[in-house]
Amino acid sequence: MANRKIILITTKGCVGCRIQRENIEKAIINSKINIGFEVIDFDTLTKKEIIEYRNKRVFLKDFPTTIFMVDNVITFKMTGSTPAICITRYIDLYIKKKC
């Protein structure tokens, strides 16, 4: 079975980050599949981790940054907050179909 995961990279005091977190949680529940969810504060990332994201074409310049992964391969990434219904569709496109 595929390892499915959504990573949300946030910053402190970011209202959009809080909204995105809530919307991702709703979308995961609505998807009815097993998806891991991890929230990472940008300030806790090391330079090495930031470089690793950059090497995967994830540029951490604006937040929230959401990363969809299947078997540790990035299938989709986005910046900003999005309604739960859209995230549910992205799960269908970039997590369910990849498995």
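User: How many helical turns, approximately, separate Arg-21 and Glu-25 in helix H1?

Analyst: This is a predicted model, in which local features need pLDDT of at least 70, side-chain atom pairs count only at pLDDT 80 or more, and totals for chains, interfaces and linings use all residues. Residues are numbered from 1 along each chain as its sequence is written, and side-chain values use heavy atoms, with hydrogens and water left out. Helices (H or I, at least four residues) and strands (E, at least two) are DSSP runs numbered from the N terminus. Because Arg-21 and Glu-25 lie 4 residues apart in helix H1, their separation is about one helical turn.

User: At what N to O distance do the side chains of Arg-21 and Glu-25 meet?

Analyst: A salt bridge requires a side-chain nitrogen of Lys or Arg within 4 Å of a carboxyl oxygen of Asp or Glu, and the structure holds 5 of them. Arg-21 is partly exposed at 40% relative accessible area, and Glu-25 is partly exposed at 34%; the class lies between buried (under 20%) and exposed (over 50%), with a 1.4 Å probe and protein chains only. The N to O distance in the salt bridge of Arg-21 and Glu-25 is 3.4 Å.

User: Which residue forms a salt bridge with Glu-38?

Analyst: Glu-38 belongs to strand E2, and its partner sits in strand E1, 33 residues apart along the chain. Glu-38 is partly exposed with a relative accessible area of 31%. At 2.8 Å, N to O, its side chain meets that of Lys-5.

User: What is the order of the strands in the open sheet?

Analyst: Strands pair if DSSP finds at least two bridges between them. Strands E2 (36-41) and E4 stand at the edges with a single partner strand each, so one side of each has no neighbour in the sheet. The pairing is mixed, and the order of the 4 strands is E2-E1-E3-E4.

User: Which residue of E3 is the bridge partner of Ile-6?

Analyst: Strand E1 (residues 4-10) and strand E3 (residues 65-70) pair in the antiparallel sense over 6 bridges. Within this pairing, the E3 partner of Ile-6 is Phe-68.

User: Which residue in the turn of the E3 and E4 hairpin has a positive phi?

Analyst: E3 and E4 run antiparallel and are joined by 6 bridges, one of which pairs Ile-67 with Lys-77 in E4. The hairpin leaves 2 residues between the strands, and the turn residue with a positive phi of about 50° is Asp-71.

User: Is the pair of Phe-76 and Tyr-90 stacked or tilted, and what describes it?

Analyst: Rings of Phe, Tyr and Trp (its six-membered ring) pair when their centres lie within 6.5 Å, with planes under 30 degrees apart counted as stacked, over 60 as edge-to-face and the rest as tilted. The search of the whole structure finds 5 such pairs. For Phe-76 and Tyr-90 the centres are 4.7 Å apart and the planes stand at 45°, so the pair is tilted.

User: Which helix holds Tyr-90, the partner of Phe-76?

Analyst: Phe-76 lies in strand E4 (residues 73-79), and Tyr-90 is 14 residues away along the chain. Phe-76 counts as buried at 18% relative accessibility, whereas Tyr-90 is partly exposed at 24%. Phe-68 and Tyr-94 join these two residues in one aromatic cluster. The helix that holds Tyr-90 spans residues 84-96 and is H3.

User: At what angle does H3 run to E3?

Analyst: Axes are lines fitted to C-alpha atoms, for helices over the stretch in contact (heavy atoms within 4.5 Å), and angles run from 0 to 180 degrees between N-to-C directions. The buried residues of H3, among them Ala-84 and Ile-91, pack against E1, helix H1 (15-31) and E3. H3 lies across E1, E3 and E4, and its angle to E3 is about 35°.

User: Is the disulfide of Cys-14 and Cys-17 left-handed or right-handed?

Analyst: The structure holds 1 disulfide, a term for cysteine sulfur atoms within 2.5 Å. Cys-14 and Cys-17 are joined at an S to S distance of 2.4 Å, and both are buried. Because the torsion about their S-S bond is about 80°, the disulfide is right-handed.

User: What is the relative accessibility of Pro-64?

Analyst: Pro-64 is found in the loop between helix H2 (47-55) and E3. Beyond its neighbours within four places in sequence, Pro-64 is in contact with residues including Cys-14, Cys-17 and Gln-20. Pro-64 counts as buried because its relative accessibility is 2%.
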